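Visitor: I have a new model open on my screen and would enjoy a walk through it. Could you take my questions one by one?

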Amino acid sequence: MDMKIAPSILASDYANLESELKRISSSDMIHVDVMDGHFVPNISIGAPVVAAIKKVCNIPFDVHLMISEPLKYAEDFAKAGADIICFHAESDNGIGETIEKILSLGKKAAVAVKPNTEIDVVFPYLDKLSMVLVMTVEPGFGGQSFMEHVMPKIEKLREMGYSGDIEVDGGIDPATIKIAAKAGANVFVAGSAVFKTAVPNDTIELLRNNAEG
């Protein structure tokens with residue numbers, strides 16, 4: 001299975017997003033954290049910013065909706081250029097209905113689960129999901145420590161035969177990526193671990209090699 005690195009622009013310099021995207025040109029995906037100040041305490045960016053940066057980047061956009069009503073806003077992000085739309089199982093909208101909406105927009109659907117949410121909640125929908133995101137920190141803040149105790153969720157997904165992408169988000173660095181990859185994850189969101197280094201593209205290569213190793 002291909003190991004994919006998805007740097008989170010949450011850790012980038014928002015004043016220079018175009019140049020920041022060039023610094024991570026070897027990425028497999030661009031992870032875009034969208035926060036509404038309700039589902040999570042912080043507020044980040046919306047569809048207009050996604051549309052703007054899509055014009056200067058041809059890497060697939062993995063848009064992570066940390067918002068209460070993903071069903072209401074899925075179309076906005078689809079039109080803005082999201083390739084994968086990921087929403088939380090814990091949001092206010094029905095999981096099945098939201099997945100169908102995303103698929104109807106011609107986009108790939110993914111569901112995220114918080115650290116304390118049982119992975120079983122996604123089981124009825126696995127045949128329609130391109131990816132499952134297992135949060136390895138509490139959503140809403142960057143710079144948190146990796147929660148190794150959620151790895152059994154990933155193992156459980158693989159044991160039951162799920163062959164789609166399994167993404168981990170939170171506390172990923174050259175050491176923790178090995179733990180997540182061993183458990184069965186193959187898409188890795190990294191923020192500070194990439195953007196706070198001198199040459200982010202070199203760091204992406206290191207992360208990919210560590211995951212494959």
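Visitor: Leaving aside neighbours within four places in sequence, which residues is N93 in contact with?

Guide: Happy to start there, and please keep in mind that this is a predicted model. N93 sits in the loop between β4 (84-88) and α4. Once the neighbours within four places in sequence are set aside, the residues in contact with N93 are S68, E69, P70, L71, K72 and T98.

Visitor: Is N93 buried or exposed?

Guide: The cut-off that matters here is 20% relative accessible area, under which a residue is called buried. N93 has 16% relative accessibility, so N93 counts as buried.

Visitor: And K72, one of those contacts: is K72 buried or exposed?

Guide: K72 has its place in helix α3. A residue is called exposed when its relative accessible area is over 50%. K72 has a relative accessible area of 54%, so the word for K72 is exposed.

Visitor: What separation do the C-alpha atoms of K72 and H31 have?

Guide: Along the chain, K72 and H31 are 41 residues apart. In space, their C-alpha atoms are separated by 21 Å.

Visitor: Let us turn to charges. How many salt bridges does the count come to?

Guide: Side chains of opposite charge can pair when their charged atoms come close. The rule asks for a side-chain nitrogen of Lys or Arg within 4 Å of a carboxyl oxygen of Asp or Glu. By this rule the count is 10 salt bridges.

Visitor: Where do R23 and E20 lie, given that their side chains meet in a salt bridge?

Guide: The N to O distance in this pair is 2.7 Å. R23 is partly exposed at a relative accessible area of 26%, while E20 is buried at 8%. The two are three residues apart, about one turn of the helix, and both lie in helix α1.

Visitor: Which helices does the salt bridge of K101 and E75 tie together?

Guide: K101 counts as partly exposed at 27% relative accessibility, and E75 counts as partly exposed at 31%. Their side chains meet in a salt bridge with an N to O distance of 3.7 Å. The pair ties together parts that are 26 residues apart in sequence, because K101 and E75 lie in helix α4 (residues 95-104) and helix α3 (residues 70-80).

Visitor: How many residues apart are D120 and K156?

Guide: The side chains of D120 and K156 form a salt bridge at 3.1 Å, N to O. D120 is in the loop between β5 (108-113) and β6 (131-135), whereas K156 is in helix α5 (residues 151-159). This pair links distant parts of the chain, with a separation of 36 residues.

Visitor: Which residues do salt bridges with shared partners join into one network?

Guide: Here the salt bridges share partners, and they join a single network. Its members are D28, E205 and R208.

Visitor: Which elements do the buried residues of α5 pack against?

Guide: The buried residues of α5 are M151, K153, I154 and L157. They cover an arc of only 160° around the axis, so they are on the same side of α5. The elements they pack against are β5, β6, β7 (165-169) and α6.

Visitor: What phi does G161 take?

Guide: G161 comes just after α5. Its phi is positive, at about 95°.

Visitor: On α8, which residues are exposed on the other side from the buried ones?

Guide: Helix α8 (residues 200-212) has P200, T203, I204, L207, R208, N210 and A211 as buried residues. They cover an arc of only 165° around the axis, which puts them on the same side of α8. What covers them includes β1 (4-7), α1 (17-23), α6 (176-183), β8 (187-190) and α7 (192-195). On the other side, the exposed residues are D202 and E212.

Visitor: To finish, what radius of gyration does the protein chain have?

Guide: The protein chain holds eight helices and eight strands, and its C-alpha trace spans about 40 × 35 × 30 Å along the principal axes. With 213 residues, a compact globule would have a radius of gyration near 17 Å. The value for the protein chain agrees with that, at 16 Å.

Methods. Residues numbered from 1 in each chain as written. Predicted model: local features only at pLDDT ≥ 70, side-chain atom pairs only at ≥ 80, totals over all residues. Heavy atoms only, no water. Helix = DSSP H or I, 4+ residues; strand = E, 2+ residues; numbered from the N terminus. Expected span 1.5 Å × (residues − 1). Buried < 20%, exposed > 50% of the residue type's maximum accessible area, 1.4 Å probe, protein only. Arc of directions from axis to C-beta. Contact = heavy atoms within 4.5 Å. Rg over C-alpha atoms; globule rule 2.2 N^0.38 Å.
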